[in-house]
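This report describes a ligand and its surroundings in one protein model. It then turns to the pocket and to two features of the backbone.

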Amino acid sequence: MAAKDQILLHLEKRKGDWISGESLTRKLAVSRSTIEKHISQLMNDGYPIESSPKKGYLLQKTWDVLTPREIRDGLETKVLGKRDIVYFTEADSTNTKAKDLATKHAPEGALVLSEKQTRGRGRNERNWFSPSRDGIYLSLILRPTIPPREAPMLTLLTAVAVAEALLSLTRLKIAIKWPNDILVGGKKLAGILTEIGTQEDSTDYVVVGLGLNVNTPRFPDDIRDKATSILIETGKRLSRVRIIREYLKWYEAYYEVFKNIGFEPIRKRWRELTNMIGQQISVQMIDKRYSGEVQDIDKDGALIITDRTGKSHRIIFGDVTVI
Ligand code: BTN
């Protein structure tokens, strides 16, 4: 094992405690300057290590950095996150970065992660609140052989994968809201932004962005009533690395189903994970608004509602408000 990894292992074992430089030199049988060089590399990688001339080095107890090494360690996927992982301590938007990489031939399964976003984007030109190290801001690059009109199905697939990951790691009562929200108690815990690149009539790439509020202690006034985090809901911090690994595992499983069997099994699971069916909603589309009762999502993932007159409407894009 490389010296840098060994140092990290020792620091991890004694997380929250000081380890003297002398004891590290003894354990690794290397010089003091080698230890210092590796420690400063680890710090550059984003590890929250404190250093004191008298006490030595300390890896913060609450550390949870999203470096490629952390994500890959224990990752149970075959493709997603196994190849390229591009990590930023700060980025404008992981979706913007991922789209850029996708046009430069990044492979399927490439992952872009950032500890913070300065221009995190939501649907309809909204901002996505992306404070440093509190949330998960990641984008997956996919290259499915589907016509562009099927790309919205991947948003629903993503919502199912997020919900499954959260259900296996927490006891939160998760509900999916069409098309791209994950809610707890009616408040938004996560959002999905799917963007697609086409070449003539076919799909070149799909970038699926996920913003998930994990350890965010509070939100700005304008979104305080609408947004929540795992920390706020459970009172406990959860490792973002664990969530990402779990998410990628579920994602890969459902993505395989999607490619080999089709959308139907995902639609079935989506219906179990939503609480929208039977609810009265209002949908704002670009040029009109419909109100009515949610009946279902159809085989393409479109929302089916019936209005007061009993007329059925098929919604493929819109902003939903539950009445
Ligand atoms: C929404 O609910 O409107 C979608 C929010 C999506 C936010 C994520 S954070 C990671 C990725 N990069 C972005 O700029 N947006 C998505």
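A residue is counted as near a molecule if one of its heavy atoms lies within 4 Å of that molecule. The model described here is predicted. In it, 20 residues surround the ligand. The closest of these are Ser93, Gln117, Arg121, Arg123 and Lys188. By class, the shell around the ligand holds 6 nonpolar, 11 polar and 3 charged residues.

Some polar contacts of the ligand are set out below.

| Residue | Protein atom | Ligand atom | Distance |
|---|---|---|---|
| Arginine 123 | polar backbone atom | oxygen | 2.7 Å |
| Asparagine 180 | N or O atom in the side chain | oxygen | 3.3 Å |
| Lysine 188 | polar side-chain atom | oxygen | 2.5 Å |

Taken alone, the ligand exposes 410 Å², and the protein buries 99% of that area. The ligand sits in the largest pocket.

Four elements give two or more residues to the shell around the ligand: helix 5 (94-103), strand 5 (135-142), strand 8 (187-199) and strand 9 (202-213). Strand 8 gives the most, with 4 residues.

The pocket itself comes next. About 880 Å³ of space lies in the largest pocket. Its lining is made of 38 residues, and those closest to the centre of the pocket are Arg126, Asn127, Trp128, Asp181 and Lys188. Lys188 is also listed among the residues closest to the ligand.

Helix 5, strand 5, strand 7 (181-184), strand 8, strand 9 and strand 14 (319-322) are the elements that give two or more residues to the lining of the largest pocket. The residues of this lining divide into 15 nonpolar, 14 polar and 9 charged.

Two places in the backbone remain to be described. The peptide bond that runs from tryptophan 178 to proline 179 is cis, and its omega is near -5 degrees. Proline 179 belongs to the loop between strand 6 (174-177) and strand 7. Strand 7 is one of the elements that give two or more residues to the lining of the largest pocket.

The other place is histidine 105, which has a positive phi of about 70 degrees although it is not a glycine. Histidine 105 lies in the loop between helix 5 and strand 4 (111-114). Helix 5 gives two or more residues to the shell around the ligand, and helix 5 likewise gives two or more to the lining of the largest pocket.

Notes:
Residues are numbered from 1 along each chain as its sequence is written. This is a predicted model: local features need pLDDT of at least 70, side-chain atom pairs count only at pLDDT 80 or more; totals for chains, interfaces and linings use all residues. Side-chain values use heavy atoms; hydrogens and water are left out. A polar contact is a pair of N or O atoms within 3.5 Å; within protein, one must be able to donate a hydrogen and the other to accept it, and residues adjacent in sequence count only if both atoms are side-chain atoms. Accessible areas come from the Shrake-Rupley method with a 1.4 Å probe; for residues, only the protein chains shown count as cover. On a 1 Å grid over the protein atoms alone, a cavity is a set of points where a 1.4 Å probe fits but cannot get out, and a pocket is an open set with protein on both sides within 12 Å along at least five of seven lines; lining residues have an atom within 4 Å of a point. A molecule sits in a cavity or pocket if more than half of its atoms lie within 2 Å of its grid points. Ala, Val, Leu, Ile, Met, Phe, Trp, Tyr, Cys and Pro count as nonpolar, Asp, Glu, Lys and Arg as charged, and the others, Gly among them, as polar. Grid points are joined across faces, edges and corners, and a volume is the space filled by probe spheres set on the points.
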